[in-house]
Amino acid sequence: MRLALDPLSAGLLFPFIVGVSCSIAAGFERRRLFALCVPPAATLLILLAADAGTVIVGVAVIGVTGWLGSHEHVRLQLAATCAAIGCLIAGFAIAGSDDFAALRGVQPESLRLDASAVLLLAGAGALLPWHLWRSAAADGLSALVAACAFIVSFYLATRVLFDLFGAAQLSWFGVGLLMVGAAVALSGSLRAAVVTEFDAVVLIGSVHQLGLVLVGLGLALIARAVDLPSLLALALDAAWLQFICLVLGRVLLLQCAAMVQAGAGTRRLDLLGGLIQGMPITAGGIFAALFATLALPPSLGFAGFWLLFQALLGLARASGFGLQCLLALVVGCVGLSGALAAFGAVRLCGIGLLGRPRIPRTAAAEDGPRRTTMVMVSLASLLVLLGLVPAAALWPVRSAVARMSGGSAGIVRPLLLSTGEAMPGYAPPVIAVLLLVGAGAVLWLLHRHGPSGRSEPAWSGGFAQPPAWLPFGDPATQVTARSFAEPLRRFADLRAWATLGCLRETMTQMRTLPPVIILLGVLVAVLITWLLAS
Amino acid sequence: MNTLIALCGEALHIALLVAVAPVLPVLLRCIEARLTGRTGADLLDTWRELLRLARKQRVVAENASPLYRVAPAACFAIVGLAAALVPSFTLGMALAPLSDLLLIVGLLALARCIQALAGMDVGASIGGIGATRTMEIAALAEPALLLVVFTLAVFAGSSSVELIAAMQRDGNAISWGSLSLALAAVVLVGFADIRRDGLVQEFSGSDLALLNAADMLRLIVWLNLIGALFLPFGMAPAGAPLAWPLGLGCWLVRTLSLTAVLAVVGIGTARMRLARVTRLLACAVLFALLAAVYLFGGARVA
């Protein structure tokens, strides 16, 4: 067993320490002390490991902790751990050494290297908490295990791709990661926009972030293959920011989800509503976490998205026609999945937190114990602050990125993200100050000079008076989680598109747009002939 | 000296926005009315309406959350910032270093999310339906817009509005095919973004005035964006106040003609159903994708 602390491990200690300490502080119980401490200890072991054996021991320990938890997917998690261990052992065996220092020097021939990289990445991928895709009753321990699993997976992937095999050309690998990442992001946000349970929305929503991390890593691999170190640094920075969003946002959201379940007694969105009145701190935490993960300025997610877009842009300028088209598709997918994630977030907040309570229990919900709310408030403030100063979030991995990209650390200035010395960039603190000053001035003017307001019962929208036993109005007159997602469900229902009847119906409706269709056909034909002729 | 010119340019730009933004919607309706054989409203109608609303007492629902109280001011500030970032008659304004296309797209999306949340806040069904529609339309508009941003940014080497506009103005044009496809996509997206219904149902008095003002600003953001990205003819270069009169004239002509185009499109698509809007937006995504492919194909040949 050999241990070492290099810049990559040191950088990952930041999300590890923040995520784990917040999870433990919020969910601490004396009788579960052992179960709460084992996964972080094993993760720390993996982060500090300098040989394959130590890594595999750590992975096995994390897998076994599943037994200690109470969630229902223990068997699936154990199977995934076994698969991960098998892949890791096979991968390191094919690579020819189990010592990291020795592996860096060895240059195995291309086929062996590819096979080894595939196996090691599959091992890292199998460690991700995939069982959460199916259902999501989150308790404190499974949340902690999942946070550790995300950190270990990201660490193993970056360690293998950018450090151990750092001299290899894995460009096809990058293309694969890019496509998988776009598909994962899209499917995650699409599913999160239609599921109807509070914590399922949260958990599946984080799959979107995971996809963006994969896209960033894929871009970095391609940038390395075409020998553009500055782009490599940019893509790694983007992947890192998305990863921070993923881990910290997820920890905060899961704590809030647990609080909602304890306070309101249900996870079904259609029974919640109006939580912001009784649980203001929890609601604030959910707002902060969702805002931090979405691509809305000036949030941390937007900073990551901005860097990701710049990396896509730089790569598109330096590559050939085929890759450019692929990158355009990835941009479309990332945009669609980002907008769907915003759709899901608005749906979650609008139905669960705002509006009127749908059952009396929800109206009586209250924030949880002080300790947990303190943890939530500090984590939420950290996320907001990191969004305003993304350079602070990038600082822990600065030297690791510099090493992985061969000396080019990217341009990191405290208040500005930019792609080059003289290039204009994205300055979140200035944006935030301008927005605050603008909104504050308007509010002050209204407060000072505007007429005073008065409170009245909300207009019922023309519905009949609710009966006396429904003090918060008839819940059926509010939009529900299902009806909110209905247009999307109809639009995204591929099975319906496949049936002939629907196809015919679509064709009939499309008759109303003949000029567009004709124009499109002509354009495609011109494009194809032109491309063939040149 | 240059800082002073930039500040003056920004101040003039904001003054123009304040003066013109309330006139444009009523001008739009006026042209529509004239084209359909009616006499339109007075051009100063919106101004009067805004002042009237600002003086009225606002009525707040009893179960409204703090979000409801802040949302109108926040929306107005966000869209206002976006409007201040997009150049109109000159490049190199004081906020020019911040004017990133992604940031502008993000600000518009942020305002949209806040407005959708505020619409759902008191739990009325109409606000909820409005929020659903807004967010669904956004889900399709966003990829189209991002693809257009990608195309233009690949061409200009940066996602800064200033650099793209400067490059277009200097005549280093992208191939017309790519440009017109991208323009079609942006027009469709902008058209879908400026029409929204049901979201302001719960607001009254000064809150309603702010939300209406934000909608007016949104219209002018789109017009200026289309102007700066695709038709920046006559736009004054940075630090050249002597070219401002020409820039102002060109901007006025451009804005008026774009408004007229929008009015004609508006008559053709009056009371469009949601399903058709989404279909139009799907076309916009396709246009934007084709614009990118067209650009890349052209670059390969060159």
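**Contacts and helix packing in chains A and B**

Leaving aside its neighbours within four places in sequence, A:R356 is in contact with A:L272, A:G273, A:G274, A:F472, A:G473, A:D474, A:T477 and A:Q478, and with B:N63, B:V122 and B:G123 of chain B. The structure is a predicted model, and the positions described here are those of that model. A:R356 is located in the loop between α14 and α15 (360–363) of chain A. Its relative accessibility is 15%. Because the limit for a buried residue is under 20% relative accessible area, A:R356 counts as buried. One of its contacts, A:Q478, is 122 residues away along the chain, yet the C-alpha atoms of A:R356 and A:Q478 are separated by 8.0 Å.

Chain A as a whole contains 24 helices and three strands. Of its 534 residues, 55% are buried. Among the contacts in chain A with a separation of 6 or more, 79% are accounted for by residues 24 or more positions apart. The accessible surface of chain A comes to about 21500 Å², and carbon and sulfur atoms hold 69% of that surface.

The helix that precedes the loop of A:R356 is α14. Helix α14 (residues 321–353) of chain A packs with helix α12 (residues 280–293) of chain A at an angle of about 175 degrees, and the two axes are 11 Å apart. Angles over 145 degrees count as roughly antiparallel, and α12(A) and α14(A) are therefore roughly antiparallel to each other. On the side of α12(A), the contact is made by A:A283, A:I286, A:F287 and A:L290. On the side of α14(A), the contributing residues are A:A345, A:L348, A:C349 and A:L353. By class, this contact of α12(A) with α14(A) consists of eight nonpolar residues, with no polar and no charged ones.

Helix α12 also borders the loop that holds A:P298, which lies between α12 and α13 (300–317) of chain A. The peptide bond from A:P297 to A:P298 is cis, and its omega is near -5 degrees.

Another loop of chain A, between α9 (198–225) and α10 (229–264), contains A:D227. The phi angle of A:D227 is near 60 degrees, which is a positive value in a residue other than glycine. A:D227 has 60% relative accessibility and counts as exposed.

Helix α10 of chain A, which follows that loop, includes A:L241. In contrast to A:D227, which is exposed, A:L241 is buried, at 0% relative accessibility. Leaving aside neighbours within four places in sequence, A:L241 is in contact with A:L300, A:A303, A:G304, A:L307, A:P390, A:A393 and A:L394. The C-alpha atoms of A:L241 and A:F302, which are 61 residues apart along the chain, are separated by 9.4 Å.

A:L128 is found in the loop between α6 (110–126) and α7 (140–164) of chain A. With a relative accessible area of 12%, A:L128 is buried. Apart from neighbours within four places in sequence, its contacts are A:F150, A:S153 and A:L210. The C-alpha atoms of A:L128 and A:P414 are separated by 33 Å, and these two residues are 286 residues apart along the chain.

In chain B, the buried residues of helix α3 (residues 45–55) are B:T46, B:L50 and B:L53. These residues cover an arc of only 70 degrees around the axis, which puts them on the same side of α3(B). An α-helix has 3.6 residues a turn, so residues three or four places apart point the same way. The buried residues of α3(B) pack against α2 (23–35) and α9 (205–230) of chain B.

B:F76 belongs to helix α4 (residues 66–85) of chain B. Its relative accessible area is 24%, and B:F76 is partly exposed. With neighbours within four places in sequence left aside, B:F76 is in contact with B:L210, B:A213, B:A214 and B:L217 of chain B and with A:V442 of chain A. The C-alpha atoms of B:F76 and B:A209 are separated by 9.8 Å, although the two residues are 133 residues apart along the chain. Contacts between the two chains thus appear at A:R356, with B:N63 among its partners, and at B:F76, with A:V442 among its partners.

Methods:
Residues are numbered from 1 along each chain as its sequence is written. Chains are lettered from A and ligands numbered from 1 in the order in which they are written. This is a predicted model: local features need pLDDT of at least 70, side-chain atom pairs count only at pLDDT 80 or more; totals for chains, interfaces and linings use all residues. Side-chain values use heavy atoms; hydrogens and water are left out. Buried means under 20% relative accessible area, exposed over 50%, partly exposed in between (1.4 Å probe, protein chains only). Helices (H or I, at least four residues) and strands (E, at least two) are DSSP runs, numbered from the N terminus. The arc is that of the directions from the helix axis to the C-beta atoms. Contact means heavy atoms within 4.5 Å. Axes are lines fitted to C-alpha atoms, for helices over the stretch in contact, and angles run from 0 to 180 degrees between N-to-C directions. Angles under 35 degrees count as roughly parallel, over 145 as roughly antiparallel, 65 to 115 as roughly perpendicular and the rest as oblique. Ala, Val, Leu, Ile, Met, Phe, Trp, Tyr, Cys and Pro count as nonpolar, Asp, Glu, Lys and Arg as charged, and the others, Gly among them, as polar. Accessible areas come from the Shrake-Rupley method with a 1.4 Å probe; for residues, only the protein chains shown count as cover.
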